[in-house]
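User: Please take a close look at how the interior of this chain is put together. I would like one connected account, with the terms explained as you go.

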Amino acid sequence: MSINTAHANKGVVIYSGEVIILYCDHVTMNLSKEVGGNGLAGNKTGRLYLTSHRIIFTNTSDRDPLGSFAAPFFALSKVELEQPVFGANLIKGQVKGQPNGGFDARTVSFKLTFKHGGAIEFGQALLKVAAMAGSVFTYEAPPPYPGVMGAPPPYVGGAVGFAAPPPSTYTMTAAGM
């Protein structure tokens with residue numbers, strides 16, 4: 001897990017070869033107090049992305065010290081999907097910090113509340129993608145992106161004149177998944 005390494009210029013920074021599978025808006029993320037001081041703990045509202053490598057939360061508030069939160073699948077544990085009788089559906093779990101990611105091997109609890117829907121679809125897709133990634137790849141944690149605020153992302157697009165389609169807000173299905 002890393003803090004404030006996955007956003008730039010109000011966008012999300014992804015690795016070369018990483019693909020955004022789906023995203024949800026109006027998600028409230030709560031980080032436990034183990035994350036440390038400086039206003040990083042507590043409730044934050046923003047956009048949650050599911051990529052081929054990790055989950056990424058970007059904060060909608062420019063004034064909050066937490067701009068982004070990224071957690072690769074191998075760092076997640078105890079992930080559960082809850083459907084309370086009263087209240088919004090949520091995904092909760094724990095994530096272990098990456099070296100140089102702002103936490104250095106501390107385990108932090110998180111809770112993602114989907115007040116506008118999408119928790120079931122996001123949770124199912126998360127479990128499916130994480131299982132696929134775990135069965136295909138065995139690797140150590142990639143180094144965190146040492147980005148500089150305002151710098152362009154390290155991702156280089158395809159040929160000139162061609163742009164990738166916008167990411168879907170729905171789960172992606174493919175044969176054999």
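Analyst: What follows goes from the overall layout to the interior, and ends with the confidence values.

This is a predicted model, in which local features need pLDDT of at least 70 and side-chain atom pairs count only at pLDDT 80 or more, whereas totals for chains, interfaces and linings use all residues. Residues are numbered from 1 along each chain as its sequence is written, and side-chain values use heavy atoms, with hydrogens and water left out.

The secondary structure comes to 1 helix and 10 strands, where helices (H or I, at least four residues) and strands (E, at least two) are DSSP runs numbered from the N terminus. Read from the N terminus, the order of the elements is β-β-β-β-β-β-β-β-β-β-α. Of the 177 residues in the chain, 37% are buried, a term that stands for under 20% relative accessible area, with exposed for over 50% and partly exposed for values in between (1.4 Å probe, protein chains only).

The largest nonpolar core has 30 residues, and those with the most contacts inside it are Leu31, Leu50, Ile55, Leu112, Phe114 and Phe122; such a core is a set of buried Ala, Val, Leu, Ile, Met, Phe, Trp, Tyr and Cys residues joined through side-chain atoms within 4.5 Å. Two or more residues of this core come from each of β4, β5, β6 (54-59), β7, β9 (89-96), β10 and α1 (119-136), and the largest share, 6 residues, is supplied by β4. Apart from this largest core lies another one, of 7 residues, among them Val12, Ile14, Tyr23 and Ile56. Once neighbours within four places in sequence are left aside, phenylalanine 122 is in contact with Leu22, Cys24, Leu48, Tyr49, Leu50, Ile55, Ile91 and Phe114, contact being defined by heavy atoms within 4.5 Å. For the chain as a whole, 60% of the contacts between residues at least 6 apart in sequence join residues at least 24 apart.

Strand pairing adds to this picture; two strands pair if DSSP finds at least two bridges between them. Strands β4 and β10 run antiparallel and are joined by 5 bridges, and threonine 28 stands opposite threonine 113 in β10. Between β9 and β10, which also run antiparallel, there are 8 bridges, and here isoleucine 91 faces leucine 112 in β10.

The structure also holds 3 aromatic pairs, meaning rings of Phe, Tyr and Trp (its six-membered ring) with centres within 6.5 Å, where planes under 30 degrees apart count as stacked, over 60 as edge-to-face and the rest as tilted. The ring centres of tyrosine 23 and tyrosine 49 lie 6.0 Å apart and their planes stand at 45 degrees, so this pair is tilted. It links distant parts of the chain, because tyrosine 23 belongs to strand β4 (residues 20-31) and tyrosine 49 to strand β5 (residues 42-51), 26 residues apart. Tyrosine 23 counts as buried at 14% relative accessibility, and tyrosine 49 is buried too, at 8%. The rings of phenylalanine 69 and phenylalanine 110 likewise form a tilted pair, since their centres are 6.5 Å apart and their planes are at 50 degrees. Here the residues are 41 apart along the chain, with phenylalanine 69 in strand β7 (residues 68-72) and phenylalanine 110 in strand β10 (residues 107-114), and both of them are buried.

The backbone deserves a short note. Most residues other than glycine have a negative phi. Histidine 26, in strand β4, has a positive phi near 60 degrees and is partly exposed at 46% relative accessibility. Lysine 78, in strand β8 (residues 76-82), has a positive phi near 50 degrees and is exposed at 61%.

Confidence should be kept in view, with pLDDT being the predictor's confidence in each residue, from 0 to 100. The chain has a mean pLDDT of 74, and 68% of its residues reach 70 or more. Among the elements, β4 has the highest mean (89), whereas strand β1 (residues 2-3) has the lowest (68). Over residues 155-162 the pLDDT stays under 50, and the model has 4 contacts beyond four places in sequence for them. The pLDDT is also below 50 over residues 170-177, a stretch with 9 contacts beyond near neighbours in sequence.
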